[in-house]
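Subject: Structure handover

Dear colleague,

I am passing on the structure we discussed, with notes on what was found in it. Please look it over before reading on.

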Amino acid sequence: MAQDGIGAAVRRREDRRFLTGRGKYVHDIVLPRQLHAVFLRSPHAHAEIVAIDTAAAAASPDVVAVFTADDVAGLNGVPCAWGIAGKDGRPMKEPKHPLLASGKVRHVGDPVAMIVAESVAAAKNAAERIAIEYRALPAVTEVAEAAKPGAPQLYADVPGNLCCDWAVGDAAATAAAFAKAHHVAKLDLVNTRLVPNAMEPRAALADYEPATGDFTLYTTTQLPHVARVLIGVLMLGIPERKLRVVAPDVGGGFGSKQVVYCEEGLVTWAAGRLGRPVKWVAERSEAFVSDAQGRDHVTHAELALDRDGKFLGLRVSTLANIGGYVSTFGPNIPTNLYGPLLAGVYTTPAIYCEVKVMFTNTVPTDAYRGAGRPEATYVLERLVDVAARDLDLDRVDIRRRNFIPANAFPYQTPVMLHYDTGDHEATLAKALELSRWSGFAERRRAAAARGRLRGIGIVTYIEACGLAPSRIAQQLGARGGLFESANVRVNPSGDVTVFTGAHNHGQGHETVFAQLVGELLGVPSDSVEIVHGDTARSPFGLGTYGSRSAAVGGAAIAKAVGKIIDKGRKIAGHLLEASEQDIEFKEGYFGVAGTDRRKSFAEIAGAAYTPPPSYPLETLEPGLEETAFYDPVNFTFPGGCHVAEVEIDPTTGALEVVSYVAVDDVGTVLNPMIVEGQIHGGVVQGLGQALGENCVYDRANGQLLTGSFMDYCMPRADDLPNIVVATQSTPSRHNPIGVKGCGEVGTIASPATLMNAVVDALAEYGIVHVDMPASPQRLWQAIQTAVPRRAAQ
Amino acid sequence: MYPFAYHRPATVAEAVARLRDSEEARPLAGGQTLIPTLKQRLASPDALVDLKGIDGLDAIAAEGDGLRIGALTRHACVAASPLVQDLIPALARLAAGIGDPQVRNRGTLGGSIANNDPASDYPAALVGLGAVIGTSERRIAAEDFFTGLFETDLEPGEIVTEVWFPRPRRAGYAKFPNPASRYALAGVFVADAAAGIRVAVTGAGPCVFRLAEAERLLSTSFVPAALEPLRVPATGLNADIHADANYRAHLVAVMAQRAVTAALL
């Protein structure tokens with residue numbers, strides 16, 4: 001095995017440029033004669049546009065063009081890539097999402113005009129000279145309010161703001177399960193709205209070559225090929241062959257950059273119209289009102305249990321807020337990626353989940369790290385804790401009683417998913433050990449002596465990722481396949497260039513894919529180069545999201561490498577005068593079985609490009625390059641157990657996360673350092689929601705109250721303890737390399753884990769639930785309202 | 001950012017003259033508030049008068065029974081000054097906790113107090129210690145200087161040049177941070193000085209204020225427990241998504257106790 005192959009903690013090769021400021025992001029690309037675009041956005045949450053006067057802006061110094069809805073009326077809107085159907089089988093309501101607001105604005109930040117000028121400052125000056133007459137309308141930002149009769153209506157043809165009334169599971173079987181229940185545990189909870197806040201704001205730069213009609217769009221996307229279809233073909237009518245999409249270094253996506261946006265389309269269109277490159281770079285405050293946001297559910301959940309604490313049935317009813325427009329994958333997130341996850345790691349035989357997908361006067365929501373699965377895990381794992389409290393059962397014990405046993409895999413849940421492998425007892429045992437669970441009572445006593453409330457929380461979870469088997473995805477509404485591509489080009493001197501359809505925006509693909517190829521070819525990983533993010537270079541691929549890149553993109557690479565080895569075996573057979581069937585490939589050498597005759601991989605590559613006389617050019621093509629498309633047989637199912645310990649100062653409500661242990665089964669570990677980093681980052685992102693992140697709109701007027709980091713509470717290093725990360729692997733059977741995915745597990749498990757710990761810390765006050773975020777004010781208020789209750793008892 | 005003229009005078013007199021040239025001119029010190037405000041196009045001064053070219057405004061010196069600190073002294077320099085640490089350690093610790101390293105290495109004492117952000121730390125120290133502010137024109141007692149939300153007693157064209165802090169017998173500061181911005185939701189500076197006990201509160205109201213009830217309780221006994229009976233009225237306190245007025249009032253009482261604890265360390 002190569003020293004730097006699968007399983008080696010190879011340092012990330014991309015970090016040299018990232019850490020030395022040598023990354024090349026969209027904003028770093030400067031084209032000759034480039035223009036700058038600025039978008040004028042709605043200050044209203046909901047209003048009619050009565051009149052727009054752009055004359056003064058157009059006459060403003062250095063302004064080249066000002067565009068409004070009328071100018072782009074001939075273009076299509078922002079397309080949705082995943083349509084869903086309601087429980088009655090009818091498709092969701094999908095009103096047009098115009099590139100510039102037409103007639104009406106539906107959220108603060110809705111773009112109304114595009115100003116293109118010689119400089120950003122000139123464009124901003126002009127934007128201030130656009131006169132827009134609005135007629136303000138009542139706005140609704142909260143999903144529960146939007147569902148009420150008499151709520152402001154966003155669309156004339158979408159009654160009740162209801163985009164889709166969706167369900168999964170067997171309602172009758174679930175009702176029957178509840179009818180025979182010994183106890184029903186109930187919980188109402190809110191999953192807060194989040195702002196993604198990638199370190200690099202979105203940006204787009206488009207170029208047009210009039211002589212050929214070719215467009216190039218440099219943009220911050222996680223899925224360049226998909227963006228080319230959605231922006232080029234569907235939005236603008238530019239054929240794929242005439243649009244090259246380049247996603248260079250991208251500073252974080254977290255789902256917000258798997259969405260395609262009007263700005264990307266508009267700069268492309270404007271570059272063509274004006275014959276000059278057009279660049280747009282979002283400012284942070286602009287990102288707060290224009291990047292697709294995450295979560296935003298209101299849920300009622302009930303769990304039916306028998307006398308022994310076995311789960312009989314689960315019933316979940318959720319209102320999901322998708323904002324003012326249908327985003328690229330928006331409707332799919334709170335439905336297909338949510339309801340089917342409610343089985344968790346348990347044998348609950350009957351599950352029924354209803355989701356009302358609602359429009360409101362807010363920024364559209366879409367995938368945000370975890371995308372649906374953190375929401376499901378939060379509902380289920382909070383509810384299990386409530387049930388344990390109700391029945392006076394130990395929280396570990398109630399989980400164990402309901403685990404899908406390791407020997408029951410593969411396992412079919414009542415809500416669509418077919419789990420391949422897992423050993424939840426093993427991850428639980430390891431987490432209990434690493435968290436010193438059994439010694440908690442003593443730590444709680446010691447904390448109490450210091451005046452602190454100490455709590456411990458546990459979550460056992462599973463998630464579905466590795467999106468996705470195309471056939472299943474299409475049945476669920478995906479408007480395309482979900483395979484991945486790879487092209488492996490062996491160069492004449494024997495080094496290797498790999499072109500992947502996946503996209504690296506922080507995951508470490510350039511390192512880990514090279515390790516994979518190095519391992520499979522028996523060559524050092526530093527002789528392998530990974531190329532991604534350019535539709536002109538890589539074969540059509542679906543991009544990176546849903547923890548899919550190793551499971552689907554890695555499998556595609558492995559498949560292409562397999563084809564390389566097959567051809568190498570043919571070439572070697574001729575060079576070594578042996579039958580192809582007798583050629584073994586091992587540790588970088590093609591050899592004749594049972595002999596010492598062999599050729600190195602580099603020698604075979606050389607022969608492929610400089611064919612010796614023995615090379616049968618008549619029957620075997622020269623060259624050594626193969627392409628593969630891999631469509632997974634199923635999702636992958638990472639899972640595990642997380643434990644958090646917290647201390648609360650009851651005097652102020654201040655919370656300290658004292659310890660955090662993550663034990664995850666991510667399948668085969670390709671690079672343990674990268675896996676640890678991904679889980680670490682994921683845990684922190686989830687803790688961000690549990691501790692402080694919360695996107696708040698003013699109920700009265702729909703204004704965003706948390707429009708900057710002054711009010712939107714991002715997690716900081718000193719909010720966090722050292723995080724213990726361990727893996728406990730059962731390789732996946734759903735792909736050839738056994739990986740499951742590690743990009744989102746941390747975010748999926750950690751909000752519920754932290755909140756379970758918080759509620760445990762407050763248990764002595766009789767508190768059974770606290771909504772996120774566990775801010776000091778919220779915890780202090782919870783204690784204040786509970787103290788009198790406790791005193792009264 | 002809108003265009004503006006930029007001046008970098010070498011003397012206080014010249015700076016005052018430049019500021020008086022135009023009603024819209026603004027003095028620039030560390031720029032930690034003004035520059036972001038300009039970048040967001042929320043202010044449009046026709047001229048910036050950069051005070052950083054004036055020599056001698058960033059000195060720290062013992063003077064009388066106290067400390068004289070120049071208006072352009074950066075927070076990090078106050079925090080790291082052996083003189084401040086020796087004479088008024090609570091002031092050094094307060095400065096060490098302002099904002100983040102970037103703010104502390106750019107932001108200045110004079111800039112901070114002239115801006116009078118309701119959640120900034122320095123006003124609590126100035127009022128708590130009974131400091132005297134020296135300007136290009138006069139000397140002003142701290143209590144008279146901070147007049148309201150982002151309001152001070154400064155006249156147009158008047159520049160803060162220094163602050164004189166009397167040395168207390170003991171003093172302490174405690175703040176509870178806004179979880180998002182890390183500004184003070186409630187910050188309390190407590191000083192036991194020749195002039196008596198002073199308790200000053202920042203972050204909780206529209207402007208720094210003294211807490212007479214806490215001062216009375218601590219005058220009997222300068223220990224945290226003396227503040228047990230303290231009830232801070234919520235009336236008139238700030239309220240936002242991070243802390244309503246009741247929570248802020250409660251935090252003021254808790255931080256007052258913690259400030260006393262810090263003073264006794």
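The notes below cover a sheet, a helix residue and the contact between chains.

Please keep in mind throughout that this is a predicted model.

The sheet in chain A is open and has five strands in the order β7-β15-β14-β13-β8, with mixed pairing. Its edge strands, each of which pairs on one side only, are β7 (162-169) and β8 (183-194) of chain A, and from one strand to the next the twist averages 10°. Strand β8(A) pairs with β13 (residues 294-305) of chain A in the antiparallel sense, over 11 bridges, and within that pairing A:Leu187 has A:Ala301 in β13(A) as its bridge partner. Helix α9 (residues 373-391) of chain A lies across β8, β13 and β14 (311-321) of chain A, and runs at about 145° to β8(A).

Turning to the helix residue, A:Ile571 is located in helix α15 (residues 549-575) of chain A. A:Ile571 counts as buried because it has 26 C-beta neighbours inside 10 Å, where the cut-off for that class is 20 or more. Leaving aside residues up to four places away in sequence, A:Ile571 touches A:Ile604, A:Ala607, A:Ala608 and A:Leu620. The C-alpha atoms of A:Ile571 and A:Ser614 are separated by 9.4 Å, although these residues are 43 residues apart along the chain.

As for the two chains, their contact takes 14 residues from chain A and 10 residues from chain B; the chain A side that touches chain B has eight nonpolar, five polar and one charged residues.

With best regards

Definitions and conventions
Residues numbered from 1 in each chain as written. Chains lettered and ligands numbered in written order. Predicted model: local features only at pLDDT ≥ 70, side-chain atom pairs only at ≥ 80, totals over all residues. Contact = placed C-beta atoms within 7 Å. Nonpolar A, V, L, I, M, F, W, Y, C, P; charged D, E, K, R; others polar. Helix = DSSP H or I, 4+ residues; strand = E, 2+ residues; numbered from the N terminus. Buried ≥ 20, exposed ≤ 12 C-beta atoms within 10 Å, placed from the backbone. Pairing = 2+ DSSP bridges. Axes fitted to C-alpha atoms, helices over the stretch in contact; angles between N-to-C directions.
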